[in-house]
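Me: Please give me a close look at one part of this model, beginning with a single residue and working outwards to its surroundings. I would like a connected account rather than a list.

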Amino acid sequence: MIRIVTLCGMGFGSSLTLKMSIDKILSTNGIRAEVIAWDLGSFKGQSADIVVAPSDMKKHLESYSGKVILINNLIDQKEIESKVLPVVRQMLDSN
């Protein structure tokens, strides 16, 4: 199962917003994945197939070796779907 982590700098506001959006997108498309909301500090040392984060976190994720998707507008469902869904589908197709 694909593991997607949504991140925010502190707390869980942004990461929960992203998680809820991604859960809805995946459900609508009949895709099962583990989606976890974390803050940046909790993510250190963890792994994920895909990391989804606000674009202002780019510098914190430059050294991450996995797939990183940066979102400009956290409430823009179309932006999130257009960036996340193709990556998830590509990973499913390659497995």
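Reply: A residue counts as buried when its relative accessible area is under 20%, as exposed when that area is over 50%, and as partly exposed in between. The model is a predicted one.

The residue chosen as the starting point is T6, which belongs to strand β1. Its relative accessible area is 0%, and T6 is therefore buried. The side chain of T6 makes a polar approach to the backbone of another residue: the backbone oxygen of S15 is reached at 2.8 Å. Once the neighbours within four places in sequence are set aside, the contacts of T6 include S15, L18, K19 and I22. The list of contacts also includes V35, I36, A37 and W38, together with V52.

The setting of this residue is an open sheet of 4 strands, in which the pairing is parallel and the order is β2-β1-β3-β4. Strand β2, residues 34–39, and strand β4, residues 67–71, form the edges, each pairing on one side only. On average, and with direction ignored, neighbouring strands of the sheet are turned by 25 degrees against each other. Strand β1 covers residues 3–8 and runs parallel to β2, to which it is joined by 6 bridges. Within this pair of strands, I36 of β2 stands opposite V5.

Two helices pack on the sheet, and they may be taken in turn. Helix α1, made up of residues 13–28, touches β1, β2, β3 (50–54) and β4, and its direction makes an angle of about 150 degrees with that of β1. Helix α4, residues 77–94, packs on the sheet through contacts with β1, β3 and β4; between its direction and that of β4 the angle is about 165 degrees.

From T6 the account moves to D39, a residue of strand β2. Where is the nearest side chain of opposite charge to D39? That side chain belongs to K44 and is 9.4 Å away; D39 has no salt bridge, although the residue is buried. The side chain of D39 does have polar partners of other kinds. One of its polar atoms lies 3.2 Å from the backbone nitrogen of G41, and a polar contact of 2.7 Å links it to the side chain of S42. With residues up to four places away in sequence not counted, D39 touches L7 and C8, as well as G9, M10, G11 and F12.

Charged pairs that do meet are found elsewhere: the structure holds 3 salt bridges. One of them pairs R3 with E34, with 3.6 Å between the closest N and O atoms. R3 belongs to strand β1 and E34 to strand β2, so this salt bridge ties together parts that are 31 residues apart in sequence. Both partners fall in the intermediate class of accessibility: R3 counts as partly exposed because its relative accessibility is 22%, and E34 counts as partly exposed because its value is 36%.

Another salt bridge lies within helix α1. K19, already named among the contacts of T6, meets D23 at 2.6 Å from N to O. The two residues are 4 apart along helix α1, about one turn of the helix. K19, at 23% relative accessibility, is partly exposed, and D23 is likewise classed as partly exposed, with a relative accessible area of 30%.

Helix α4 contains a salt bridge as well, formed by K83 and E79, whose closest N and O atoms are 2.8 Å apart. These residues, too, are 4 apart in their helix, about one turn. Here the two partners fall into separate classes: K83 is partly exposed at 28%, whereas E79 is buried at 10%.

The last residue in this view is L74, placed in the loop between β4 and α4. Its relative accessibility is 18%, so L74 counts as buried. Leaving out neighbours within four places in sequence, L74 is in contact with S14, T17, L18 and S21, and also with P54 and I80. L18 thus appears here and among the contacts of T6. L74 and C8 are 66 residues apart along the chain, and their C-alpha atoms are separated by 11 Å; C8 is, in turn, one of the residues touched by D39.

Notes: Residues numbered from 1 in each chain as written. Predicted model: local features only at pLDDT ≥ 70, side-chain atom pairs only at ≥ 80, totals over all residues. Heavy atoms only, no water. Pairing = 2+ DSSP bridges. Axes fitted to C-alpha atoms, helices over the stretch in contact; angles between N-to-C directions. Contact = heavy atoms within 4.5 Å. Buried < 20%, exposed > 50% of the residue type's maximum accessible area, 1.4 Å probe, protein only. Lys, Arg positive; Asp, Glu negative; His and termini not counted. Salt bridge = Lys/Arg side-chain N within 4 Å of Asp/Glu carboxyl O. Polar contact = N/O pair within 3.5 Å; in protein donor to acceptor, adjacent residues only side chain to side chain.
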